[in-house]
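Open the model in your viewer and keep the selection box at hand. The stops below say what to pick next and what to look for there.

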Amino acid sequence: MRRYVARRVAALAATLLFVTALVFVVVRVLPGDPAALIMGTEGSPEATERLRESMGLNRPLAVQYVDWLRGALHGDLGRSIQYDLPVGNLIVTRLPVTLPLALLAAVFMTLTAIPLGVYAATHHRRAGDYLTMIVSQFGISVPQFWSGLLLILFFSVSLGWVRSGGFDGWSAGLWPALRALLLPAVALGVFQAAVLVRATRSAVLDVLREDYVRTARAKGVSEGLVVGKHTLRNALIPIVTVAGLQLGQLMAGAIVLESVFALPGLGRLALGAISARDLPVVQGVTLFVASGIVVINFAVDLAYGFLDPRIRYE
Amino acid sequence: MSRRRPLRHVTFTLGAAITLGLLATAALSLVYTPADPLAMSIAGRLQGPSGAHPFGTDHFGRDLLSRIMTGAVTSLAVGVIAVGIGSGLGISLGLASGWIGGWIDETLMRLVDAVQGFPAILSALLFTAVFSPGMVVSMVAIGIAFVPAFARLTRGSVLELRDREFVVAARALGAGEARLVLGHVLPNALPPLMVQATTSFPVAILAEAALAYLGLGTQPPHPSWGLMLREAQNFLSFNPWFAVFPGSAIAVTVLGLNLLGDGLRDLLDPRTG
């Protein structure tokens, strides 16, 4: 097991190195001159040169990369041009919106998808199974941001139960904050839940066909115990894998839903930075989110090794 | 076992019918739309469905049906090109990785893992910061997001096929490396890749709509379903149809393509059906 973990950690380090290289190439190499890009057409040559100097762009690319990487490893992602604040600080202030939104969506996804998937599998080829599959097929087809707009249309415009967007922060109280995040979390979670329902149904169906399930039934074990103990525990391995991988997708989806519901999270920070040509912020946010997704995928890989010994001996 | 007939497969048939409808709409919009999709009419702003405008009008009085018809071309174009970019890059990486093996395989797979950290939205954010937002950014960002799936699938097939008898026999007959890979291994790896391409297509359409909605993709006044939803958001209380029709167009299209992909997978590989 220790060798398996060591191998995965080495792979994670190499992957993260590639992530940093990709972000660096797109932001620092592809534009040719990032200083000219930031200054735009209105910047004088002198001002552009001063910015180039202050950003260290006159040095060789390899030196710039190593310097930037060293800074990133110490949490220094540069300084925002728009806010004149460290990018790391800006990210930290926006995380209390994006992270709880993704987590709430994950909770919604798990609580709806796993029971529905198990129900569909245990009612295989009966009305309940077909209905669940039809609903999940629709769930997969509806864009998250449109679900968000429809929820606003129904709960905010028609019924007037909730605000159509905005977030006053956690300091305004737990319930108002949760209330502001509830609709976006549902809109974000529906799509991923639809994917997870199908994965759960398929995993449970596979286990239900196993000999040991037939044996348990032949021994007279109650159906609840057969499903809850013998089946679900073994089916959980692929379900956890799919659900874990979806966490990364939820982080990316949160960026879109923040725009629909006017939530001041990481996505809106990055979108605002694009219009302000604030390259260090865009660079910092994409590096942070991409690294987060890679780390989540690594954790899923590791969990899979723990749950299924065959994987770590491969 | 008797051969499965595609037209008797309900999922496949329904998916194919919806997809053909989409293709027909897109083709028709190139020669005919009920009104000019760009023609504005300040007097006819934000109207609900009527005989003159079956889907109503937007905030500039433009005919929504015509704009939705034209938007189908945008979605299809971005979908086809993004899947082309993702499959082209992914298959090349997967072939190189699986065939060469060793440290090249290990390095390329770590690169693929890294690319997996960049969903389309994130790549688009990064590219838009450097280049102007538009359809090209959408296509490239979505295409890059597809690379890991195609690369892994191709690599897996190559590892499975490389030591099979027909490859060993071709090598014994003097076939070169390029001929072995492109002439013998790749054609046999194609069926799952075709299914992957079909299932990627609706994902590309959803991603294009999301990017246009965020202002990172297709730009006004060009009609795009995602962009129409972005514009509709400010007028939800005045004319809800403005948001309902473009959203429905996306959902029906994606539903049709998903059903087609599911059906195709069932027909090509009955074990997973």
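The tour goes from one whole chain to the contact between chains, then to helix pairs and single residues.

**Stop 1: chain B as a whole**

This is a predicted model, so treat every value as computed from it. Select chain B and colour by secondary structure. You will find 9 helices and 0 strands. Followed along the sequence, the pattern reads α-α-α-α-α-α-α-α-α. Turn the C-alpha trace to its principal axes: the spans are about 75 × 50 × 30 Å. Now colour by burial. Of the 273 residues in chain B, 51% are buried. Next, draw the contacts between residues at least 6 apart in the sequence of chain B; 71% of them join residues at least 24 apart.

**Stop 2: a link across the sequence**

Select B:Thr13, which belongs to helix H1 (residues 10–31) of chain B. Is B:Thr13 buried or exposed? The residue is partly exposed, because 16 other C-beta atoms lie within 10 Å, while 20 or more would be needed to call it buried. Add B:Leu259 and set a distance label between the two C-alpha atoms. The label should give 8.5 Å, for residues that are 246 apart in sequence.

**Stop 3: where chain B touches chain A**

Show both chains and pick the residues in contact. Chain B supplies 33 residues and chain A supplies 41. On the side of chain B, the elements giving two or more residues are helix H3 (102–116), helix H4 (120–130), helix H7 (177–214) and helix H9 (241–268). Which of them gives the largest share? That is H4(B), with 8 residues. Colour this side of chain B by residue class: 24 residues are nonpolar, 7 polar and 2 charged.

**Stop 4: one helix pair between the chains**

Keep H4(B) and add helix H12 (residues 279–307) of chain A. Their axes are 10 Å apart, and the packing angle is about 160°. H12(A) therefore runs roughly antiparallel to H4(B), as the angle is over 145 degrees. The crossing of these two helices is left-handed.

Now show side chains. From H12(A), take A:Leu279, A:Val282, A:Thr286, A:Val289 and A:Ala290. They meet B:Leu122, B:Leu125, B:Leu126 and B:Ala129 of H4(B). By class, this contact holds 8 nonpolar residues, 1 polar and no charged.

**Stop 5: a helix pair inside chain A**

Hide chain B. Select helix H5 (residues 87–122) and helix H8 (residues 174–208) of chain A. How do the axes of H5(A) and H8(A) cross, and within what distance do they come? They cross at roughly 35° and come within 6 Å. H5(A) passes H8(A) in a right-handed crossing. The contact of H5(A) with H8(A) has 23 nonpolar, 5 polar and 1 charged residues.

**Stop 6: two open helices in chain A**

Go to helix H3 (residues 45–54) of chain A. This helix is hardly covered: 0 of its 10 residues are buried. Step on to A:Gly56, which follows H3(A) and has a positive phi, near 70°.

Then select helix H9 (residues 211–218) of chain A. Why does H9(A) lie largely in the open? The number of buried residues among its 8 is 0, so there is little cover to see. Just after H9(A) comes A:Gly220, with a positive phi of about 90°.

**Stop 7: backbone oddities in loops**

Stay in chain A and pick A:Arg125, in the loop between H5 and helix H6 (127–141). A:Arg125 is not a glycine, yet its phi is positive, about 60°. The residue is exposed, because just 8 other C-beta atoms lie within 10 Å.

Bring chain B back and pick B:Leu46, in the loop between H1 and helix H2 (64–100) of chain B. Here too phi is positive, about 50°, although B:Leu46 is not a glycine. With 16 other C-beta atoms within 10 Å, B:Leu46 counts as partly exposed.

For the last pick, select B:Pro220 and B:Pro221. The peptide bond that joins them is cis, with omega about 5°. B:Pro221 sits in the loop between H7 and helix H8 (225–232) of chain B.

Key
Residues are numbered from 1 along each chain as its sequence is written. Chains are lettered from A and ligands numbered from 1 in the order in which they are written. This is a predicted model: local features need pLDDT of at least 70, side-chain atom pairs count only at pLDDT 80 or more; totals for chains, interfaces and linings use all residues. Helices (H or I, at least four residues) and strands (E, at least two) are DSSP runs, numbered from the N terminus. A residue is buried if 20 or more other C-beta atoms lie within 10 Å of its own, exposed if 12 or fewer, and partly exposed in between; C-beta atoms are placed from the backbone. Two residues are in contact if their C-beta atoms, placed from the backbone, lie within 7 Å. Ala, Val, Leu, Ile, Met, Phe, Trp, Tyr, Cys and Pro count as nonpolar, Asp, Glu, Lys and Arg as charged, and the others, Gly among them, as polar. Axes are lines fitted to C-alpha atoms, for helices over the stretch in contact, and angles run from 0 to 180 degrees between N-to-C directions. Angles under 35 degrees count as roughly parallel, over 145 as roughly antiparallel, 65 to 115 as roughly perpendicular and the rest as oblique. A crossing is left-handed if the near helix is turned anticlockwise from the far one by less than a right angle, and right-handed if clockwise.
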